[in-house]
Amino acid sequence: MQEGKEESQQLMNSALSFAEKMLTEYGEFLPYGEAITKDGDSVSVAVDNGEEYPASSELISMLQNAFKASANNGTYRATALVYDVRIQLPSGDKSNALAVELDHQSGYSVIVYLPYSLQDGQVQYGQISASAGKGNVFP
């Protein structure tokens with residue numbers, strides 16, 4: 001399980017750089033993913049439903065299904081699904097946050113929340129938090 005946690009942490013760090021780039025340049029991003037293949041390579045994962053302005057919930061579902069299919073056939077050993085959410089902070093205030101669903105073939109599964117704000121075109125992060133993941137990518 002420790003290997004799963006360490007590999008998932010590396011994957012999250014890699015995946016978050018794209019979200020920060022998109023937020024800095026455009027102020028938003030569509031849900032996307034990143035995965036580690038069985039050979040240890042990191043790959044970007046994106047889906048397209050053909051719509052110019054797709055619903056995030058549909059893209060999240062499509063990415064989850066793509067991850068499950070690739071995990072079932074042994075292509076991936078770790079996945080990261082990144083999307084934008086609103087969360088309530090411990091202070092009671094609401095904040096935008098990056099949500100990162102991490103799943104590893106070892107059974108490690110967590111959802112990490114990283115609150116953020118945009119100030120003068122730069123991303124400012126708040127206190128990171130996490131909760132147990134759904135663990136539904138790997139069989």
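Two strands pair if DSSP finds at least two bridges between them. I keep this definition at the head of my notes, and I record that the model is a predicted one.

**Entry 1: strand pairing**

I looked up the partners of strand β3, residues 76-88, and started with β4, residues 94-104. The two strands are antiparallel and share 11 bridges. As one example I noted Leu 81, whose bridge partner in β4 is Glu 101. I then examined the connection and found that β3 and β4 make a hairpin with five residues between them. Within that turn, Gly 92 has a positive phi of about 100°.

On β1 I found a further antiparallel pairing, in which six bridges join β1 to β3. Here Thr 37 has Tyr 76 of β3 as its bridge partner.

Is β3 enclosed by the rest of the structure or open? I found that 10 of its 13 residues are buried, so the strand is largely enclosed by the rest of the structure.

**Entry 2: the nonpolar core**

I next turned to the largest nonpolar core, which has 22 residues. Phe 29, Val 82, Leu 98, Val 100 and Leu 102 touch the most other members. I listed the elements that give two or more residues to this core: α1, β1, β3, β4 and β5, the last spanning 109-119. Which of them gives the most? I found that α1 does, with seven residues. I set beside this a general remark: in soluble globular proteins, nonpolar side chains tend to be buried together.

**Entry 3: aromatic pairs**

I searched the whole structure for aromatic pairs and obtained three. One of them is Phe 18 with Tyr 32, an edge-to-face pair at 4.8 Å centre to centre, with 80° between the planes. Why does this pair tie together parts that are apart in sequence? Phe 18 lies in helix α1 (residues 2-26) and Tyr 32 in strand β1 (residues 32-37), so the pair links parts that are 14 residues apart in sequence.

I compared the exposure of the two partners. Phe 18 is partly exposed, with a relative accessible area of 37%, whereas Tyr 32 counts as buried at 7% relative accessibility.

Tyr 32 also forms an edge-to-face pair with Phe 29, at 5.8 Å centre to centre and 70° between the planes. Both Phe 29 and Tyr 32 are buried. I therefore entered Phe 18, Phe 29 and Tyr 32 as a cluster, linked by ring pairs.

**Entry 4: the largest pocket**

I looked for open space and found about 400 Å³ in the largest pocket. Its lining holds 21 residues. Nearest the pocket centre lie Phe 18, Phe 29, Leu 30, Pro 31 and Leu 59. I noted that α1, β1, β2 (42-45) and α2 (56-72) each supply at least two residues of the lining. The most comes from β1, which gives three. Sorted by class, the lining has 12 nonpolar, four polar and five charged residues.

**Entry 5: Asp 120**

I closed with a backbone angle. Where is Asp 120 found? I located Asp 120 in the loop between β5 and β6 (122-125). Its phi is near 55°, a positive value in a residue other than glycine. For context, most residues other than glycine have a negative phi. I also looked up the exposure of Asp 120, which counts as exposed at 81% relative accessibility.

Technical notes:
Residues are numbered from 1 along each chain as its sequence is written. Side-chain values use heavy atoms; hydrogens and water are left out. Rings of Phe, Tyr and Trp (its six-membered ring) pair if their centres lie within 6.5 Å; planes under 30 degrees apart count as stacked, over 60 as edge-to-face and the rest as tilted. Helices (H or I, at least four residues) and strands (E, at least two) are DSSP runs, numbered from the N terminus. Buried means under 20% relative accessible area, exposed over 50%, partly exposed in between (1.4 Å probe, protein chains only). On a 1 Å grid over the protein atoms alone, a cavity is a set of points where a 1.4 Å probe fits but cannot get out, and a pocket is an open set with protein on both sides within 12 Å along at least five of seven lines; lining residues have an atom within 4 Å of a point. Grid points are joined across faces, edges and corners, and a volume is the space filled by probe spheres set on the points. Ala, Val, Leu, Ile, Met, Phe, Trp, Tyr, Cys and Pro count as nonpolar, Asp, Glu, Lys and Arg as charged, and the others, Gly among them, as polar. A nonpolar core is a set of buried Ala, Val, Leu, Ile, Met, Phe, Trp, Tyr and Cys residues joined through side-chain atoms within 4.5 Å.
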